[in-house]
Amino acid sequence: SRKEGVIGTVVLTDDGVPIRSDFPENETNLYSALVAHLVQRTKKALEEIPDSGETEIIRIRSKKNELIVAPYGNYIFIAVQDPFNVHK
């Protein structure tokens, strides 16, 4: 979360229980619940597509921010960043 442009991060279990977060509790719980559900649905969708492999990263960009979601084993990492303040 110290990288320029990153607003905050959340680490949660694959069933949506937050472990660590840079956000207030209400935002942490919202990100955790919604993203865990999104990851589960994405994995199920990819199972239907032949030869798609496992989910490695999901990027969601809106007008205000970008979510980078990385499921790994029994955990999910979420980085929320300002897409207009990211230097590559």
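Q: Which backbone oxygen lies 2.8 Å from a polar atom of the side chain of Ser 32?
A: A side chain can pair with backbone as well as with another side chain. In this predicted model, the partner is the backbone oxygen of Thr 28. Ser 32 sits in helix H1. Thr 28 is found in H1 too.

Q: Is Ser 32 buried or exposed?
A: Look at the relative accessibility. Buried means under 20%. Ser 32 has 1%, so it counts as buried.

Q: What does Ser 32 touch, leaving aside its neighbours within four places in sequence?
A: Skipping the sequence neighbours leaves the contacts made by folding the chain back. For Ser 32 these are Val 10, Leu 12, Gly 16 and Pro 18.

Q: Now Thr 28. Is this residue buried or exposed?
A: Use the cut-off again. Thr 28 has a relative accessible area of 6%, so it is buried.

Q: Which side chain makes a polar contact with the side chain of Thr 28?
A: Here the pairing runs from side chain to side chain. The partner is Ser 21, and the polar contact is 2.6 Å. Ser 21 is also among the contacts of Thr 28 beyond four places in sequence. The others in that list are Val 10, Pro 18 and Phe 23.

Q: How do I read a nonpolar core?
A: Start with the general idea. In soluble globular proteins, nonpolar side chains tend to be buried together. Then turn to the case here. The largest nonpolar core has 13 residues. Those touching the most other members are Tyr 31, Val 35, Leu 67, Val 69, Ile 76 and Ile 78.

Q: Which elements each supply at least two residues of this core?
A: There is one helix in the list, H1 (25-48). The strands are E1 (6-13), E4 (66-72) and E5 (75-81). The largest share is 4 residues, and it comes from H1.

Q: Take one core residue. What does Ile 78 touch, not counting residues up to four places away in sequence?
A: Read the list in chain order. Ile 78 touches Gly 8, Thr 9, Val 10 and Leu 12. The list goes on with Tyr 31 and Val 35. It ends with Leu 67 and Ile 68. Tyr 31, Val 35 and Leu 67 are also among the core members that touch the most others.

Q: Glu 66 is in strand E4. Is Glu 66 buried or exposed?
A: Let the area decide. Glu 66 has a relative accessible area of 7%, so it is buried.

Q: Which side chains make polar contacts with the side chain of Glu 66?
A: Check each pairing by its distance. Arg 59 pairs with Glu 66 at 2.9 Å. Gln 81 pairs with Glu 66 at 2.6 Å. Both partners also appear in the wider contact list of Glu 66, along with Ile 60, Arg 61, Ala 79, Val 80 and Pro 83.

Q: How do I read a pocket?
A: Begin with the probe. Rolling a probe the size of a water molecule over the atoms shows where empty space is left. In this model, about 160 Å³ of space lies in the largest pocket.

Q: Which residues line the largest pocket?
A: The lining includes Lys 43, Leu 46 and Glu 47. Gly 53, Glu 54 and Thr 55 belong to it as well. Pro 71, Tyr 72 and Gly 73 complete the list. Two elements give two or more residues to this lining, H1 and E4. The largest share, 3 residues, is from H1.

Q: How many lining residues fall in each class?
A: Count by class. The lining has 3 nonpolar, 3 polar and 3 charged residues.

Q: Where is Asp 51, and what is its phi?
A: Phi is a backbone angle, read here with its sign. Asp 51 has a positive phi of about 55 degrees, although it is not a glycine. Asp 51 is in the loop between H1 and strand E3 (58-61). Its relative accessibility is 82%, so Asp 51 counts as exposed.

Q: What about Arg 20 in strand E2: is Arg 20 buried or exposed?
A: Exposed means over 50%. Arg 20 has a relative accessible area of 65%, so it is exposed. Its contacts beyond four places in sequence are Thr 9, Val 10 and Val 11.

Q: How far apart are the C-alpha atoms of Arg 20 and Phe 77?
A: Compare the place along the chain with the distance in space. These two are 57 residues apart along the chain, and their C-alpha atoms are separated by 9.7 Å.

Terms used. Residues numbered from 1 in each chain as written. Predicted model: local features only at pLDDT ≥ 70, side-chain atom pairs only at ≥ 80, totals over all residues. Heavy atoms only, no water. Core = buried A, V, L, I, M, F, W, Y, C linked by side-chain atoms within 4.5 Å. Buried < 20%, exposed > 50% of the residue type's maximum accessible area, 1.4 Å probe, protein only. Contact = heavy atoms within 4.5 Å. 1 Å grid on protein atoms, 1.4 Å probe; cavity = no way out; pocket = protein on both sides within 12 Å on 5 of 7 lines; lining within 4 Å. Points joined across faces, edges and corners; volume = space filled by probe spheres on them. Nonpolar A, V, L, I, M, F, W, Y, C, P; charged D, E, K, R; others polar. Polar contact = N/O pair within 3.5 Å; in protein donor to acceptor, adjacent residues only side chain to side chain.
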